[in-house]
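Hi,

Here is the structure I promised to pass on. Have a look at it first, and my notes follow below.

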Amino acid sequence: MHRTRVRVVQDALDANQTIARANRADFDRAAVTVVNYMGSPGAGKTSLLEQLLERWEAYQDEVRIGVLEGDIQGRTDADRIAEYHVPVAQINTGISFGGECHLDANMVRSALPELPLDEIDLLVIENVGNLVCPAEFRVGEDLRVMVAAVTEGEDKPLKYPLMFRTADLVLINKVDLLPYLDYDLEKFHAALDAVNPGVPRLLVSARTGAGVDEWGAWLRQEVAARRQVA
Ligand code: MG
């Protein structure tokens, strides 16, 4: 019994890899850098993205951005992003995909026709809020950016190592709340380095906008680096 289940899981992951490669090929053809953007529910993913888009207008000619929103239900986040007049599509895992707690390559593939890939340079895919399942499924991304809010505690990298280990950038959000919390930032850094030594990290606040310019600069640098190789 146990072996059968392992087999089924492996087949599902293999199938996901195949579709992720097809997504990757489409992104490469359109020269789009893709970010899989993850974090727990309430970490501030969409709010930080709004702060980013508010500052992006000055760079929109240089790096055209698009957004794919993943949620179990509703288009609240896509509607928020649409306010910034960037291309946006919404995937609901609850309607067509059995309410999955993550995006997989097939879900992302199903939404690609809704996005003008040839007219964007950077696609941010906001995953379903969850620290576990999203980390297991590649969707064809170049980079993984994760949001970890200081309200979540310092020990999360040790409890959810896969998500933190596969991140290319960690945004430490809600730092405006630090004076009110018993949160030990040094402890968090140590926990993060234990699972992903030296991974880039930025202190940010979706409320004040602190650190968001630096995040934007990091993203544009990553897009520029891929353009040079191409
Ligand atoms: Mg959101």
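A quick definition before the sheet: two strands count as paired if DSSP finds at least two bridges between them. Helices (H or I, at least four residues) and strands (E, at least two) are DSSP runs, numbered from the N terminus. By that rule, strand 2 and strand 3 pair in the parallel sense over five bridges, and Val67 stands opposite Val88 in strand 3.

Some housekeeping: this is a predicted model, where local features need pLDDT of at least 70 and side-chain atom pairs count only at pLDDT 80 or more, while totals for chains, interfaces and linings use all residues. Residues are numbered from 1 along each chain as its sequence is written, and side-chain values use heavy atoms, with hydrogens and water left out.

Back to the sheet. It is open, has seven strands in the order 3-2-4-1-5-6-7, and its pairing is parallel. Strand 3 and strand 7 (201-203) are the edges, each pairing on one side only. From one strand to the next, the twist averages 20° (axes are lines fitted to C-alpha atoms, for helices over the stretch in contact, and angles run from 0 to 180 degrees between N-to-C directions). Helix 8 (residues 185-195) lies across strand 5, strand 6 and strand 7, at about 160° to strand 6. Helix 9 also packs on the sheet, touching strand 1, strand 4, strand 5, strand 6 and strand 7; contact means heavy atoms within 4.5 Å.

Now the metal site. Thr46 (OG1), Asp77 (OD) and Glu126 (OE) coordinate the magnesium ion at 2.1 to 2.2 Å. Donors are N, O and S atoms within 2.8 Å of the metal (3.2 Å for Na, K and Ca), and water is not among the atoms, so the site may look incomplete. Thr46 sits in helix 2 (residues 45-56) and Glu126 in strand 4 (residues 122-126), so this pair ties together parts that are 80 residues apart in sequence. Both Thr46 and Glu126 are buried (under 20% relative accessible area with a 1.4 Å probe, protein chains only; exposed is over 50%, partly exposed in between).

Then there's the inside. The largest nonpolar core (buried Ala, Val, Leu, Ile, Met, Phe, Trp, Tyr and Cys joined through side-chain atoms within 4.5 Å) has 28 residues, and Trp215 is one of those with the most contacts inside it. Apart from it lies another core, of 19 residues, including Leu103 and Ile120.

One oddity: His85 has a positive phi near 55° without being glycine, and at 73% relative accessibility His85 is exposed.

Cheers
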